Every structure is written in structure tokens, then in C-alpha cells.
Number of protein chains: 2
Amino acid sequence: MRIEVLCTGDELLTGITGDTNSPFFMERLFRMGEKVAWSQTVGDVREDIQRALREISGRADAALVSGGMGPTADDLTMECAAAVAGVRLVEDSRVLESIRARFAARNLVFSANNARQAQVPDGAEAVLNPVGSAPMVIQRLGRCTFFYVPGVPREYKNLVEREVLPRLEQLIRTQPARVFRASRMLKTVGLPESHLDAKVAPLARVHSRVIFGFRTHAPENHLKLVAEGESQAEADRSLADAERDCREALGAFVFGAEGDDFPGTVVRLLASRHETLSFAESCTGGLASAMVTSVPGASDVLVGSAVTYTQSLKSRWAQVPEQLLREHDAVSAPVAEAMAAGIRREAGTTWGLGITGYAGPTGGTEQDPVGTVYLALASEKDVVSQRFLFSGDRERVRQFAAYTALDMLRRRVLGVGPA
Amino acid sequence: MRIEVLCTGDELLTGITGDTNSPFFMERLFRMGEKVAWSQTVGDVREDIQRALREISGRADAALVSGGMGPTADDLTMECAAAVAGVRLVEDSRVLESIRARFAARNLVFSANNARQAQVPDGAEAVLNPVGSAPMVIQRLGRCTFFYVPGVPREYKNLVEREVLPRLEQLIRTQPARVFRASRMLKTVGLPESHLDAKVAPLARVHSRVIFGFRTHAPENHLKLVAEGESQAEADRSLADAERDCREALGAFVFGAEGDDFPGTVVRLLASRHETLSFAESCTGGLASAMVTSVPGASDVLVGSAVTYTQSLKSRWAQVPEQLLREHDAVSAPVAEAMAAGIRREAGTTWGLGITGYAGPTGGTEQDPVGTVYLALASEKDVVSQRFLFSGDRERVRQFAAYTALDMLRRRVLGVGPA
């Protein structure tokens with residue numbers, strides 16, 4: 001089965017407005033076992049739109065066309081669809097009625113322009129749009145079924161989800177050689193993409209019915225597994241086998257799957273144990289606390305945090321002895337450890353994390369250049385610290401420092417040892 | 001002049017990998033006065049690639065083709081380009097030499113596969129790639145000049161910037177009816193998109209040679225002005241006129257232009273006056289501090305910050321009197337004011353900012369529902385506070401709270417009064 005995509009709209013060709021619609025449709029379709037064969041974007045130009053429709057009608061079984069369904073003069077899609085079919089535009093009274101009702105409900109003035117949106121090619125089927133005024137239109141051209149939907153993302157996604165995909169699902173179901181797919185995203189932290197790749201490369205060879213894909217969301221790296229089979233059960237089985245092997249190879253580097261976020265994982269882990277947390281942050285300047293507090297319910301876990309750029313605040317808020325600050329650089333293992341232990345006592349928490357480093361772009365020493373970060377974790381029993389050298393710009397160093405501090409804590413709580 | 005785009009690669013049709021290359025090229029081209037006329041993506045399928053190349057060669061003056069230039073069997077672009085031209089693939093010895101040198105420099109094993117990347121259609125021109133092994137290839141098909149580049153974003157962007165755009169610039173320069181463009185981005189804060197639109201709508205009617213575009217990066221809203229003219233001087237003049245009027249209409253809502261970021265603007269403003277800052281954050285949980293400290297050199301301005309979820313930490317770190325906390329809700333104007341004044345004294349800074357509110361999804365009271373945030377700003381002279389009700393989810397409320405707190409400070413320092 002051959003499915004194509006056509007987007008219309010000058011604004012999509014300037015690089016200023018991105019097309020978020022097509023990836024949405026492609027991913028949904030892919031999960032259903034089909035891949036878009038060809039995707040095109042043309043401007044609001046009659047000749048180009050008609051040419052694209054004609055070419056698609058000659059080679060595809062189904063096509064999703066979006067944009068150009070609005071009420072203004074540069075909305076040309078219905079006009080072009082009628083021209084290619086060699087039919088007139090006719091007014092659909094059901095659509096007209098629904099647009100009038102929509103305007104009345106919103107106290108908007110209905111103008112002649114708005115009636116244009118009720119014009120559909122003769123012989124085509126109109127489907128009412130619950131979240132906008134332009135309808136979805138279904139038209140047969142040659143052997144291809146065209147689905148026309150508005151380009152407004154909210155309307156597009158709603159109609160694709162509710163009206164287009166179920167109809168395509170029915171068409172796909174009748175295919176003789178249908179492919180079934182199942183997918184899983186494994187999210188890792190603490191592992192560069194090349195190491196992740198190297199760890200699972202042998203498994204990719206073993207699991208030949210599973211596609212291994214990688215996405216970097218630094219500091220996280222995600223492994224996407226897509227299994228194919230002749231039945232859903234077969235695809236599910238292949239996926240489960242590959243997932244089991246990948247989880248075994250990756251161990252505690254995997255913190256979650258699709259839908260999980262890293263700070264949320266750590267917050268829920270601590271909350272389930274009724275444990276609490278505080279940070280003393282220097283180079284991350286509040287970023288680690290902000291990450292944790294982005295999670296709903298974080299206030300059950302994070303009691304407080306201190307951003308301490310000065311010696312005086314390190315002493316007053318994080319109980320770092322003044323003597324220690326005279327003897328050691330502010331960026332050093334002893335200071336990180338004192339910050340972790342001090343903030344833990346000061347805030348009265350189960351765990352205390354201390355972060356100090358050179359985020360750049362200036363600063364650093366010969367021994368500890370920009371990118372050097374000392375992370376320390378304090379518990380009732382002990383304080384441990386580790387030195388890291390992160391590469392990249394200021395924001396990247398700060399991101400890696402905050403993530404890695406949380407990951408030290410996660411590994412300690414899970415009892416799996418450092419990364 | 002008609003310029004088209006063709007991307008090849010199965011991975012771009014699954015919705016899993018996004019195409020960031022084409023928007024990059026489109027935007028650069030648009031700034032040069034031309035718009036891409038048609039953009040297509042096809043899979044790694046010989047028949048489809050050849051068909052697309054043939055159609056483009058019949059209607060375009062120039063085309064940028066990306067992807068399928070690697071060393072593996074599913075890299076088909078050069079083979080298809082040769083087939084459509086009706087020529088053989090020939091080995092380019094200069095390219096082969098450069099690939100060998102590249103591998104030697106990296107201590108990589110050169111395999112027969114890698115030599116494939118030195119094969120180009122007979123009669124085409126190869127341009128060496130400074131950041132990868134696949135060359136850029138220039139080929140004339142019909143009246144169209146094709147530029148073939150690798151799809152790897154780093155290589156694509158490098159070659160487009162250095163090799164493709166300068167050549168297109170030369171072609172564009174010979175056009176009889178060339179359009180010249182000039183653009184400016186004005187960044188605003190404190191103004192919903194609909195208000196921004198309403199404020200500049202009358203100006204859009206006056207400046208008919210200028211396109212007014214809007215982009216939302218909540219809490220910021222950006223106004224993009226693109227002026228067109230028959231000469232660069234004319235476009236520049238139209239832009240300058242429109243920018244002047246927009247800046248006048250928007251006043252202090254404009255915090256900067258392209259290249260400026262909001263926290264950086266505030267940090268530089270304070271640094272230029274040798275003034276310092278501290279935060280006492282409750283619902284933002286470190287986010288306001290993290291925003292400020294993302295700016296290089298922020299440590300000259302931000303002395304320290306306290307994230308205080310508990311009463312005890314509010315008293316100890318932000319000097320909020322215990323009596324006050326017994327008399328008022330933690331989310332209230334008096335507590336926000338006490339946090340601002342207290343943190344200012346505690347950290348010894350020019351300015352103190354206090355933030356307390358209900359970020360959600362749970363919490364809040366009947367009078368102060370989720371989304372309510374009290375912001376207070378303390379100076380040596382006074383403490384002022386304001387109540388806000390932000391809509392949206394937890395992260396949106398936190399973002400708006402942090403931005404708005406910084407904006408209170410910016411407006412006070414600039415002496416322009418509250419938004």
C-alpha cells in the first residue's frame with residue numbers, strides 16, 4: 001500500500017514556520033505498519049498544487065493533503081481538487097450549517113468568505129470538523145483516496161487521529177502482505193551515544209526483525225526499538241526479546257521508557273522511600289533544583305536548596321567551615337563534600353548534594369580547566385565525591401553537572417554503584 | 001528563479017527523525033530574496049528518486065538534493081543522478097585521495113565501500129567536503145543545476161553555507177526581477193501574542209512592503225519584520241521605518257532583537273550599573289536563578305539564591321519573621337515581600353526578589369487557585385509586590401513566574417513602570 005503526503009502553504013517554504021504535522025502523521029502511520037512513501041510541500045500556487053495532486057493520483061493508494069482549506073483567497077486546495085477531478089465546486093449544506101452554528105455560538109460575524117469553506121468538489125464526501133470550521137474532505141482521484149484536512153495543527157491532529165487514521169487502518173487491514181510493528185523507547189543516562197551504540201550493536205545483529213534507532217537528548221540518550229512481524233503477536237514477541245536483551249546489556253544506564261522523564265524517576269524513587277533531598281549549588285546556579293522541582297509533587301522530596309556563589313553564603317547556608325575555604329579552592333573535592341554534608345544538616349534531609357565547578361566560558365585552572373565539576377553526595381553515614389570533566393559550552397556543562405549529580409543519587413539509592 | 005529541494009532517506013518518512021536541514025536552507029535562501037518553490041522527501045527507493053530528479057529537472061532552475069551519499073548499499077543518490085542523466089559513474093581521483101587521507105589521519109581502516117563515495121556521474125563536478133568524506137556534487141540536468149550534499153546535518157549545513165548558497169547568490173544576482181529583503185526580529189516579554197498582534201496591526205497596514213510575522217516562545221513573543229524592495233537600500237529603508245514605528249508602539253515590552261536572550265539582557269543591564277541580585281524562590285524552585293546563571297558572567301550579578309519550601313528555611317535563609325509566617329499563608333503578598341527584603345539583607349545585594357505561589361497541579365485555595373504567584377522586589381528604599389494569575393501547567397506557571405520576576409526588576413531599573 002502506497003501512502004503519500006502533500007502539504008500546501010507558502011509559510012512552510014520560508015523556514016520560518018516548521019511542519020510539525022507531517023512527522024505526527026508519519027509516526028502514527030509507521031506504528032500501524034505502514035510508511036509514508038513520498039512527502040511534498042508546495043506553495044499556494046494553483047499550478048503546483050494541481051500538478052502534485054495529479055502525480056500523486058497516478059501512483060498512490062491514499063494521500064493526506066493539508067493546508068489551503070481556510071476562507072481566504074490564497075486557500076486553493078478545494079478549487080485545485082475540483083479542477084484535477086474535472087468537476088465543479090458545490091456547496092455542502094451540512095457543512096454550511098455547521099459553520100453558521102459555530103459562528104453563532106461564538107458571537108462572530110459570518111461573512112461571505114466563510115461560506116467558501118462549505119464548497120467541496122462535486123462527488124467528494126465532507127466530514128464535519130469538531131474543532132474548526134473547515135471540514136475534512138474525502139475524494140477519489142484515479143485509484144487514490146485523498147484526505148484533505150486543514151493545516152492548523154490542532155485541527156490537523158484532531159482530524160488525522162479521529163477520522164483519517166481509522167479509515168487508513170481499514171484500508172491497511174485488507175492488504176495481503178501487511179506488516180505489523182511494535183515499538184519501545186529505552187531512555188539512558190550516563191552513557192555517551194557511541195557507547196550506547198557499541199553496547200547494543202551485537203544485539204542488533206541477533207535481533208534481525210528489530211530496527212535499532214538512536215536519539216540524543218543530551219545528557220540523555222534514547223534507544224528506539226521497532227520490531228516487525230507478520231502478526232501483532234509476532235512483532236510483540238520480537239520486541240519483548242530485544243528489549244529484554246537490551247535492558248540486560250545496559251543495566252542501570254536505563255532509567256525509564258517512553259513517558260518517563262529523568263527527574264521524575266528520581267523524585268518518585270525518593271518519594272516511595274519517604275526520603276528527602278537538598279542541594280548546595282555553585283556552578284549549576286539553581287539548575288539542579290529547578291530540574292527536580294519541575295516534577296509535580298517534588299516539594300515532598302526537595303526541602304530546599306542554596307545557590308552559593310560566595311564564600312560567605314557557602315558558610316552560612318551550607319555550613320562549609322571558613323577554615324576549609326581558606327585551605328582549598330572553591331572548586332575542589334573537599335569543598336564539594338563540605339557543601340553536601342553541610343546542606344544536608346542545615347536542611348535536615350536524608351540526602352545532600354554539593355555541586356561546584358567551572359561552567360565557563362572563563363575561569364578554571366591548569367589542573368581544573370573549564371568543564372571540571374566536583375559532585376558530592378552526603379548521607380547520614382558518609383560523604384562521597386567524584387570529579388568530572390564535561391565538554392561543551394556553559395549550558396552543556398551545567399546540564400551534565402545537574403544530571404550527573406542526580407544520577408549519583410539514583411545509583412546510590414538503587415545500590416548499583418557509580419556509572 | 002525556481003529553486004526546489006529534495007531529501008532522500010527512509011528515516012525521514014517514519015516521523016522518528018526530523019528534517020532540520022530543509023528549514024535551515026529555506027530560511028537562508030529566503031533572506032537572500034528567494035523562496036523554495038517545492039520541497040520533497042522520498043525514501044531510499046531507486047524508482048522514486050529518479051522520478052523526483054526527472055520531474056525537478058523539467059521545471060526548476062536549481063535544486064538542493066540531500067542524503068543517500070554515504071558508503072552503504074542503500075545510498076543511491078549518485079547512481080540515480082547518473083541514470084537520469086544517462087551517463088556512467090566514474091571515480092574522481094581527487095575525491096578518492098581526500099577520503100584516503102581523511103581515513104589515514106584518523107587511523108581508520110579504508111574499505112572498498114568507502115571508495116564508493118568517490119564515484120560521481122560522468123560530467124558532474126565534485127567539491128571536497130571539509131567536514132566529512134562524501135563530496136558535494138554539482139550536476140546539470142536539463143536547465144536545472146543540481147547540488148547534491150550529504151544529509152548529515154553538520155556536513156549539510158557546512159556545505160550549504162560555504163558552497164551552495166554563494167553559488168545560488170551568483171545565479172540570483174543575474175535575475176532580471178530580483179527581490180531584495182531585509183529582516184529584523186523584535187523580542188518582547190510581558191505581552192500576550194494577541195496583544196502584540198493588536199498593537200502592531202495598524203502598522204502592518206501602513207508598511208505594505210513589510211511582512212509582519214509572529215512567533216511565540218512563551219513567555220516571550222517575537223515579531224519578525226521582513227521588508228522587500230527593488231534594491232537592498234530600499235528594503236533596508238522600509239525595514240528601518242517599520243522597526244522604528246514598532247519600537248515606538250511597543251515601548252519597553254521590547255527587550256531585544258535577534259541574538260539577544262532575556263536573562264542576558266537583564267544580567268548585562270545590572271552589570272553595567274555594578275548592581276547585584278539575590279532570589280528567595282518557593283514555587284519556581286531554583287528556575288529563576290538557573291535562568292540568570294545560564295548567562296556567562298552571571299556570577300558578577302547573582303550573589304546567591306535560596307530555594308525555600310519550608311517555613312524554617314524561609315526564616316533561616318531569607319530572614320522571614322516566624323511571626324509573619326504564623327499570621328499569613330506562605331503564598332501571600334506579605335510573605336513574598338518579606339522573602340525579597342530578607343534575602344536582599346542576607347545576601348547583601350542591591351536587589352532582592354521573592355517568589356511564592358501555587359505552580360500546581362495540586363494546591364491552591366479558593367481565593368488563590370493554582371497559577372497564583374506573588375512576586376516581590378526589594379531595594380534599599382522599598383519593597384513592592386504584585387499578584388499574578390498564570391494559566392497552563394506547572395512548567396508554564398513556573399516559567400512565567402521566573403520571567404515576570406526578572407521583568408519587574410528590568411522595568412524598575414529602566415524606570416518605565418510595571419507592565
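Author: Strands count as paired where DSSP finds at least two bridges between them; strands (E, at least two residues) and helices (H or I, at least four) are DSSP runs numbered from the N terminus. This is a predicted model, in which local features need pLDDT of at least 70 and side-chain atom pairs pLDDT 80 or more, while totals for chains, interfaces and linings use all residues. Residues are numbered from 1 along each chain as written, chains are lettered from A and ligands numbered from 1 in the order written, and side-chain values use heavy atoms, without hydrogens and water.

Reader: Which residue of β11(A) stands opposite Thr216(A)?

Author: Strands β10 (residues 210-217) and β11 (residues 220-229) of chain A pair antiparallel over 8 bridges. A hairpin of 2 residues joins β10(A) to β11(A). In this pairing, the residue facing Thr216(A) is Asn221(A).

Reader: Why is chain A described as more spread out than a compact globule?

Author: Chain A contains 14 helices and 17 strands. For its 419 residues the globule rule (2.2 Å times the number of residues to the power 0.38) gives 22 Å. Chain A is more spread out than a compact globule because its radius of gyration, taken over C-alpha atoms, is well over that value, at 29 Å.

Reader: What area do chain A and chain B bury between them?

Author: The contact (heavy atoms within 4.5 Å) takes 60 residues from chain A and 59 residues from chain B. Buried area is the accessible area (1.4 Å probe) lost on putting the two parts together, summed over both. Carbon and sulfur atoms carry 57% of the total, which is about 4600 Å².

Reader: Which residue of chain B stands opposite Val307(A)?

Author: Strand β14 (residues 302-308) of chain A and strand β14 (residues 302-308) of chain B run antiparallel, joined by 5 bridges. Within β14(B), the residue opposite Val307(A) is Ser305(B).

Reader: How many salt bridges does the rule find across the interface of chain A and chain B?

Author: A salt bridge places a side-chain nitrogen of Lys or Arg within 4 Å of a carboxyl oxygen of Asp or Glu. The side chains of Arg59(B) and Glu55(A) form one, at 4.0 Å from N to O. Over all chains the structure holds 52; across this interface the count is 8.

Reader: Which residue of helix α2 of chain A lies 4 residues from Arg51(A) and forms a salt bridge with it?

Author: Helix α2 of chain A covers residues 46-59, and the two partners are about one turn apart. The closest N and O atoms are separated by 3.3 Å, and the partner of Arg51(A) is Glu55(A).
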